[in-house]
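Trainee: I would like a close look at one part of this model, taken slowly, with its surroundings brought in wherever they help. Could you walk me through it in one connected answer?

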Amino acid sequence: MEGLRLSARRDGRPVELVRGIDLAVERGRVTALVGASGSGKSLTCLGLQGLTPPGVERLGGRVRLDGEAVEPATLPGRTVATVMQNPRSAFNPVLTMRAHARETLAVRGDAGALDRLLPEVLAEVGLPEPDRIARLYPFEMSGGMLQRMMIALALLAGAPFLLADEPTTDLDPLVQGHILSLIERLVATRGLGVLIVTHDMGVVARLADEVAVMEAGRIVETAPVAALFAAPRSGAARALLDAHRALYPEEFA
Ligand SMILES: Nc1ncnc2c1ncn2[C@@H]1O[C@H](COP(=O)(O)OP(=O)(O)OP(=O)(O)O)[C@@H](O)[C@H]1O
């Protein structure tokens, strides 16, 4: 992604919310996008997929995939799968898991492979008993199960990149750990390229290879994860790390 710029009108005047973002996500690697609340992480994620919420205007930004320029709006689905903070909102309440999986495969033109692929991906994301899971509606599943199912649908879509926007924020700590382990495993086994948006520097330490730090609509620092933790250069990175150390002093004893 190069030069992403997004703006909205505030009090009748245009305000640039995302101010020239360059970001690279590689297959088999995890890039974390961190920053304080309101720094522009979620808008950046939407913008790099060619999506803009109502009231937001795209002023610029190019995406290249393996060196070739691509239209960002073609990315969601087959190239970039998404996992969000609140998985429940991503499911249609009147469709079973099997129906969701069928829809996902139909987009890929492969609905005939449902009975073969669904048990495979459910096992891969740690949802055993595929026949039972396939019959469940969203309200019959926990947040952790739905997050695993979101990841299963991402695998069915065959997308090489996963965009995870605060994927563990609403989950209890035990389930958070399971979801992070699952993402870690899929990066290693499937070579997924992951962009993970998070406030949680513990998640960054656990999962990320590279870190991009956002502040007020700009990326103010990019660094390999170890370098960022050892010697943060930006005030924004230092503030995030200080806040994390204040919360979890035992990790740094
Ligand atoms: N649809 C919109 N219209 C106008 N302003 C918006 C819109 N969506 C977001 N903003 C503003 O853009 C800025 C960046 O928002 P964004 O949601 O990307 O931040 P964030 O870093 O993801 O925050 P958080 O960590 O709290 O989710 C904020 O000032 C927000 O108020």
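Mentor: Asp66 is exposed, because just 7 other C-beta atoms lie within 10 Å of its own, and a residue counts as exposed at 12 or fewer. In this predicted model, Asp66 is found in the loop between β4 and β5, and its phi is near 50°, a positive value in a residue other than glycine.

The two strands that flank this loop belong to an open sheet of four strands, which runs in the order β2-β1-β4-β5 with antiparallel pairing. β2 (13-21) and β5 (68-70) stand at the edges, each with a single partner strand, so one side of each is left without a neighbour in the sheet. Neighbouring strands of this sheet are turned by 20° against each other on average, if direction is ignored. Within the sheet, strand β1 (residues 2-10) and strand β4 (residues 56-65) pair in the antiparallel sense over five bridges, and Leu6 stands opposite Arg58 in β4.

A second residue to set beside Asp66 is Glu129, which is found in the loop between α3 and α4. Glu129 too has a positive phi, near 55°, in a residue other than glycine, and Glu129 is exposed, with 10 other C-beta atoms within 10 Å. Helix α3 is followed by Gly126, whose phi is positive as well, near 80°. The helix itself (residues 114-124) has Leu118, Val121 and Leu122 as its buried residues; they cover an arc of only 105° around the axis, which puts them on the same side of α3. What covers these buried residues includes α2 (97-107), α4 (130-135) and α5 (143-157). In the loop between α2 and α3 lies Asp110, which is partly exposed, with 15 other C-beta atoms within 10 Å. The C-alpha atoms of Asp110 and Arg64, 46 residues apart along the chain, are separated by 26 Å.

For a contrast with these loop residues, consider strand β9 (residues 210-215), where six of the six residues are buried, so that the strand is largely enclosed by the rest of the structure. In a regular strand the side chains alternate between the two faces of the sheet. Both faces of β9 are covered, since Glu210, Ala212 and Met214 on one side and Val211, Val213 and Glu215 on the other are all buried. Strand β3 (residues 30-35) and β9 pair in the parallel sense over five bridges, with Leu33 standing opposite Ala212 in β9. β9 also pairs with strand β10 (residues 218-224), here in the antiparallel sense and over six bridges, and the bridge partner of Val211 in β10 is Ala223. β9 and β10 form a hairpin with two residues between them, and Ala216 in the turn has a positive phi of about 45°.

There remains the ligand. Of the 14 residues around the ligand, Ala8, Ser37, Lys41, Ser42 and Leu43 come nearest. Helix α1 (residues 41-48) gives the most to this shell, with three residues, and by class the shell has five nonpolar, eight polar and one charged residues.

Definitions and conventions. Residues numbered from 1 in each chain as written. Predicted model: local features only at pLDDT ≥ 70, side-chain atom pairs only at ≥ 80, totals over all residues. Near = placed C-beta within 6 Å. Nonpolar A, V, L, I, M, F, W, Y, C, P; charged D, E, K, R; others polar. Buried ≥ 20, exposed ≤ 12 C-beta atoms within 10 Å, placed from the backbone. Arc of directions from axis to C-beta. Contact = placed C-beta atoms within 7 Å. Pairing = 2+ DSSP bridges. Axes fitted to C-alpha atoms, helices over the stretch in contact; angles between N-to-C directions.
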